[in-house]
Amino acid sequence: MNVRPSLFSLLVYVGFVLFTSAAIAETTITVEVHSDQPGATIHRNIYGQFMEHLGRGIYEGVWVGEDSKIPNKNGYRKDVVKALKALEVPLLRWPGGCFADEYHWRDGVGPRDQRPVTINTTWGGVSDDNAFGTHEFFELAEMLDAEVYINGNLGTGTPREMAAWLEYMTAEGESTLANLRRANGRDKPWKVDYFAIGNEAWGCGGTMTPDYYANLYKHYATFAKTPENNRPIMIASGGHTEQTEWTQTLLEQVPNTWSLRMNAISHHYYTLPTGDWDKHGRALAFGENEWFSTLKNTLRIEEFIKANIAIMDKLDPEKKVGFYVDEWGTWYDVEPGDNPGFLYQQNTIRDAVLTGMNLNIFHQYAERVQMTNIAQMVNVLQAMILTDKEKMLLTPTYHVFKMYIPFQDATAYPVSISGDKGYRFGEESIPGISASAAKSKDGKLWLALVNTHPSEAKSVSIATAGKLRTAKGQLLTSAAMDAHNTFDSPESVQPKEYKAKAKDGSLILDLPAKSVVVVELK
Ligand code: AHR
């Protein structure tokens, strides 16, 4: 057989090389980091976590009790606490969610064996022995060095019950409630960093109108008193999805005075692959149509943030009130066989890509969006951690949160993306690349990039004022669209070290399909 290339085949080869390099050059995307235009501080509480009495989110997920065979310290499972410490969780929101409006704090204090057993009517109708209550929550927050966000009960509680809980937690001097706290093992008052008056008042929190809720907010918040040096940031329950009327009404009707404060308005948005609450779409074994629709739907959060901020900028031009997305993340169909009230779902590389996209959006609006809480921390919806009795795994979402740690309290830099032809699916398209950049507290320059395409790699050229020589950090990617970690194979989706060096003066980062990259630029 003659293996020598003919002149013709050589010409064809040279032509192919020239053609493909031209094609690559054409498709190179540029991300420009405007490090000369420092923006808002990215509040670390954008990385906040939500933990509700829901399914195995708290019981088994965090709390197993001192007598459990699962290794624990004072009842908290050691493996989960260790993983959460490594995540540098800045803030914990508790006890709900919908559960908050049925939670009566006195059920969860005092000797555990004497606490009442209540029915969690919101989530699965299961018994709650109230072993995890106020003291257990604060102890967990102390273990994690996290701030606390307590969600008060407006739906089925009275202003007196709410005021009494605040007194129990914060009173310094002599009072029956402060003494009860002491008798229950806590001498010093706790610091209550954030406190919300109700949750989802438009739905599970009482099916109210914005007007009705605004009046109730004023009523309850007036009596939500704490010592002067321990005044929580007060949060009003706002709207969800595309709603703006909650923000509008609350800002129009709730004055900010010394005795009545509304420091933030919360907003919720869940991403469903189908956008249909009757059939959300699956967590695993989905097609590219649902890869695409999930990412397309998640991007809508930017319109919702923008629309609400536009109202806030008119009614609160001094920017005294924050916009907190205190519930966000994916919500899939429950797996067949699971308790539908437990909202347990698997978590794939799709969730990881979506997380990067959301965080990049939150960074961009950091001036108003000073807190977000992903729903939820363990075993519920888009969780960081899944457990199965004594087993535990870290989800792809966990890994992205960890990769993004340098962005906590960093200074946001605007980025502009050019040359991105987008990710087209059928007749629709979304951006192919999502990015954000910031200067971390220790002065380093960080860049986060997401390739939204499930099968096409991208090359991204990075530009900024001054010369860039290297990029060093981590990459998360995988082959299958629904790649995930299981209890038998907990490390299938894992971040890897990522490095790139400038060549001929330009720094090009190669992003595999469906990937998240976070790098320090030098
Ligand atoms: O996160 C699950 C539920 O979703 C929360 O309890 C509620 O606030 C929202 O509807």
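A residue counts as buried when its relative accessible area is under 20%, as exposed when that value is over 50%, and as partly exposed in between. The exercises below apply this definition and others to a predicted model.

**Exercise 1. Decide for Glu102, Asn74 and Asp504 whether each is buried, partly exposed or exposed.**

Step one takes Glu102, which is found in the loop between strand 5 and strand 6; its relative accessible area is 37%, and because this value falls between the two cut-offs, Glu102 is partly exposed.

Step two turns to Asn74, in the loop between strand 3 (72–73) and strand 4 (76–77), where a relative accessibility of 37% means that Asn74 counts as partly exposed.

Step three concerns Asp504, which lies in the loop between strand 24 (496–501) and strand 25 (507–511); here the relative accessible area is 83%, and since exposed means over 50%, Asp504 is exposed.

**Exercise 2. Find the sign of phi in Asn74 and in Asp504, and give the approximate angles.**

For Asn74, a residue other than glycine, phi is positive and near 55°. For Asp504, which is not a glycine either, phi is again positive, at about 50°.

**Exercise 3. Describe the peptide bonds from Trp94 to Pro95 and from Gly96 to Gly97, and place Pro95 and Gly97 in the fold.**

The bond that joins Trp94 and Pro95 is cis, with omega at about 5°, and Pro95 belongs to the loop between strand 5 (91–94) and strand 6 (118–120). The bond from Gly96 to Gly97 is likewise cis, with omega near 20°, and Gly97 is found in the loop between strand 5 and strand 6.

**Exercise 4. Work out which residues come nearest to the ligand, what polar contacts it has, and how much of its area the protein covers.**

Begin with the shell: there are 14 residues around the ligand, and Glu52, Cys98, Glu200, Tyr270 and Glu327 come nearest. By residue class, this shell divides into seven nonpolar, four polar and three charged.

Next, consider the polar contacts, for which a pair of N or O atoms has to lie within 3.5 Å. An N or O atom in the side chain of Glu52 is 2.7 Å from an oxygen atom of the ligand, the side chain of Asn199 places such an atom at 3.0 Å from a ligand oxygen, and a polar side-chain atom of Glu200 lies 2.7 Å from an oxygen atom of the ligand. Of the 280 Å² of accessible area that the ligand has on its own, the protein covers 94%.

Finally, locate the site as a whole: the ligand sits in the second largest pocket.

**Exercise 5. For Glu52 and Ala131, establish the loop, the burial class and the C-alpha distance to a residue far along the chain.**

Glu52 is in the loop between strand 2 (48–50) and strand 3, and because its relative accessibility of 3% is under 20%, Glu52 counts as buried. From Glu52 to Trp291 the sequence separation is 239 residues, and their C-alpha atoms are 28 Å apart.

Ala131 is found in the loop between strand 7 (126–128) and helix 3 (134–144), and Ala131 is buried, with a relative accessible area of 9%. The C-alpha atoms of Ala131 and Arg368 are separated by 36 Å, with the two positions 237 residues apart along the chain.

Definitions and conventions. Residues numbered from 1 in each chain as written. Predicted model: local features only at pLDDT ≥ 70, side-chain atom pairs only at ≥ 80, totals over all residues. Heavy atoms only, no water. Near = heavy atom within 4 Å. Polar contact = N/O pair within 3.5 Å; in protein donor to acceptor, adjacent residues only side chain to side chain. Areas by Shrake-Rupley, 256 points an atom, 1.4 Å probe, with all protein chains shown as cover. 1 Å grid on protein atoms, 1.4 Å probe; cavity = no way out; pocket = protein on both sides within 12 Å on 5 of 7 lines; lining within 4 Å. Sits in = over half its atoms within 2 Å of the grid points. Nonpolar A, V, L, I, M, F, W, Y, C, P; charged D, E, K, R; others polar. Helix = DSSP H or I, 4+ residues; strand = E, 2+ residues; numbered from the N terminus. Buried < 20%, exposed > 50% of the residue type's maximum accessible area, 1.4 Å probe, protein only.
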